[in-house]
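Here's a quick tour of one protein chain, with the ring geometry up front and the rest of the fold after that. Have the viewer open as you read.

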Amino acid sequence: MPTNPTNKTNTERQVFALVDVNNFYVSCERTFNPKLENRPLVVLSNNDGCAVARSNEVKALGVKMGTPWFQLKDLAKKHHIVALSSNYTLYGDMSDRVMTLLREFSPHVEVYSIDECFLSVQGMNLLWPSATQLGQTMRKRIRQWLGLPVCVGFGPSKTLAKLANHIAKKQLAFEGVCDLGSLSAEQIYALFSNIAVREVWGVGSQISAKLEAAGIKTVQQLRDTPPAWLRTKFGVVMERTARELNGVSCLALEEITPPRKQIISSRSFGQMVYKRADLEESVASHVSTAAEKLRAQHSVCNAIQVFIHTNPFREQDPQYANSITVPLTCASSDTRLLIRAALFGLKRIYRPGFAYKKAGVMLTGISAAALVQKSLFADHALDEKSARLMAAMDQLNRRYGNQTVTVFSTATQKPWSMRRENKTPCYTTQWNDVPVAYAR
């Protein structure tokens with residue numbers, strides 16, 4: 001593997017790091033409740049439906065990702081599995097803390113997901129004796145400051161860094177850090193020859209099945225396949241993946257997240273909903289969430305889609321599903337205008353007599369607010385007032401908690417709210433939930 005291409009010095013060659021928090025949701029819960037350490041633990045999805053995070057103890061029992069909780073009840077009773085409701089506020093804040101800490105090691109950071117981050121560590125050998133020591137310092141710092149276990153992979157391309165992280169997780173000999181640049185060609189060949197091709201970043205189940213049918217079953221076999229042949233059979237993406245596996249960096253670090261072209265906010269109800277008033281509260285709540293995300297990327301939208309549907313798995317119930325797209329007269333990010341349009345659309349598609357399971361909204365026609373042509377007949381003073389009002393509302397909600405200030409009043413009891421029967425406190429974002437330590 002050409003880890004150090006010719007005519008480039010060691011300080012000039014590109015090196016990526018991929019830092020990944022192990023069993024992120026589970027680890028967040030264990031940070032604030034040490035009694036959960038070494039106990040089988042799962043975190044459940046919305047409405048306590050499926051296992052979306054599993055501790056190593058649960059994985060050892062053969063529990064697969066996405067297994068419905070009701071199917072695990074007997075196993076949970078036998079092995080004393082603890083099940084917690086998802087606490088997205090906690091997980092989001094802990095993720096922000098991890099990413100902030102990692103920026104102390106490199107200014108070039110790409111937040112890939114809530115628990116994964118790419119860093120460019122090119123030239124870091126001037127500050128650290130080796131990439132492995134840099135990775136171990138990252139692990140110790142995050143563990144000490146945040147209580148979260150992470151693994152780190154290093155490689156000359158993002159795909160190799162991702163694969164190195166996989167090796168660091170699966171092989172205890174690496175002690176949580178794998179630097180492919182420090183391994184010999186023979187060591188890399190032995191490692192890659194024993195890793196299934198489906199473990200390569202970007203190779204999904206369908207592509208891996210086609211690769212295996214073509215005789216490409218391991219990472220090493222994919223690496224040895226001519227890129228031109230892969231492009232002919234599987235397209236340019238697979239050709240790029242093969243080049244990345246051979247140390248040719250084809251994927252740049254995306255330090256700035258591109259604005260979303262669509263923003264969706266939806267969620268299944270904790271119980272069946274029948275009344276339009278309850279649906280209106282749910283839709284208004286989703287609009288508020290979507291509009292806040294829209295403003296965060298300094299964008300506006302020119303249309304909003306509203307959708308509702310019943311539960312297709314309750315075959316005994318009459319079924320109904322519908323959606324409608326409502327165009328806006330002028331592109332906007334004002335929550336008040338978006339809620340008004342959404343409720344107008346909901347009124348058109350709502351039908352009484354059905355047990356609704358889910359509702360949601362999607363903002364479309366998104367563009368940068370600064371690039372939108374204002375109407376000659378619009379009241380620009382009102383636009384400025386709207387912008388100031390929305391900015392003040394967002395600031396208050398960031399400071400005092402989500403939906404501290406809302407546009408649409410809702411009832412205290414919300415039948416449409418998500419069911420979370422075993423949710424832990426928001427330890428890091430709510431004053432009332434901050435843990436209290438007692439000294440003797």
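Rings of Phe, Tyr and Trp count as a pair if their centres lie within 6.5 Å. With that in hand, Phe24, Tyr25, Tyr88 and Tyr91 come out as one aromatic cluster. Bear in mind that the model is predicted.

**Aromatic pairs**

Across the chain, the rule gives 15 aromatic pairs. A pair of aromatic rings is described by two things, the distance of the centres and the angle of the planes. Here are two of the pairs with both values.

| Pair | Centre distance | Plane angle | Class |
|---|---|---|---|
| Phenylalanine 24 and tyrosine 91 | 6.5 Å | 65° | edge-to-face |
| Phenylalanine 118 and tryptophan 201 | 5.3 Å | 40° | tilted |

Why is the pair of phenylalanine 24 and tyrosine 91 edge-to-face? Their planes stand at 65°, and anything over 60 degrees gets that label. This pair also links distant parts of the chain: phenylalanine 24 belongs to helix H1 (residues 24–32) and tyrosine 91 to helix H4 (residues 88–102), with their positions 67 residues apart. Both phenylalanine 24 and tyrosine 91 are buried.

As for the other pair, the planes of phenylalanine 118 and tryptophan 201 are at 40°, so the pair is tilted. Phenylalanine 118 sits in strand S6 (residues 116–120), while tryptophan 201 is in the loop between helix H7 (185–192) and helix H8 (205–213), so the pair ties together parts 83 residues apart in sequence. Phenylalanine 118 and tryptophan 201 are both buried too.

**Charges over rings**

Phenylalanine 118 has another partner: lysine 158 lies over the face of its ring, 4.9 Å from the ring centre. Elsewhere, arginine 141 puts its charged end over the ring of tryptophan 145, at 5.1 Å from the centre.

**A helix crossing**

Lysine 158 turns up again in a helix packing. How do the axes of helix H6 (residues 158–170) and helix H11 (residues 236–245) meet? They come within 7 Å and cross at roughly 65°, so H6 and H11 count as roughly perpendicular to each other. The crossing of H6 and H11 is right-handed. On the H6 side, the contact is made by Lys158, Thr159, Leu160 and Leu163; on the H11 side, by Thr241, Glu244 and Leu245.

**Two single residues**

Is serine 333 buried or exposed? Serine 333 has 16% relative accessibility, so it counts as buried. Its place is in the loop between strand S11 (321–332) and helix H13 (335–349). Setting aside neighbours within four places in sequence, serine 333 touches Ala291, Leu294, Arg295, Ser299, Val300 and Leu338.

Valine 436 is a different story: at 58% relative accessibility, valine 436 counts as exposed. You'll find valine 436 in the segment after helix H14 (380–400). Valine 436 and aspartate 115 are 321 residues apart in sequence, and their C-alpha atoms are 27 Å apart in space.

**The whole chain**

Zooming out, the chain has 14 helices and 13 strands. Its C-alpha trace spans about 65 × 60 × 55 Å along the principal axes. Of the 440 residues in the chain, 45% are buried. Among contacts with a separation of 6 or more, 69% are between residues 24 or more positions apart.

Note on methods: Residues are numbered from 1 along each chain as its sequence is written. This is a predicted model: local features need pLDDT of at least 70, side-chain atom pairs count only at pLDDT 80 or more; totals for chains, interfaces and linings use all residues. Side-chain values use heavy atoms; hydrogens and water are left out. Helices (H or I, at least four residues) and strands (E, at least two) are DSSP runs, numbered from the N terminus. Buried means under 20% relative accessible area, exposed over 50%, partly exposed in between (1.4 Å probe, protein chains only). Contact means heavy atoms within 4.5 Å. Rings of Phe, Tyr and Trp (its six-membered ring) pair if their centres lie within 6.5 Å; planes under 30 degrees apart count as stacked, over 60 as edge-to-face and the rest as tilted. A charge sits over a ring if NZ of Lys or CZ of Arg is within 6 Å of the ring centre and within 35 degrees of the ring normal. Axes are lines fitted to C-alpha atoms, for helices over the stretch in contact, and angles run from 0 to 180 degrees between N-to-C directions. Angles under 35 degrees count as roughly parallel, over 145 as roughly antiparallel, 65 to 115 as roughly perpendicular and the rest as oblique. A crossing is left-handed if the near helix is turned anticlockwise from the far one by less than a right angle, and right-handed if clockwise.
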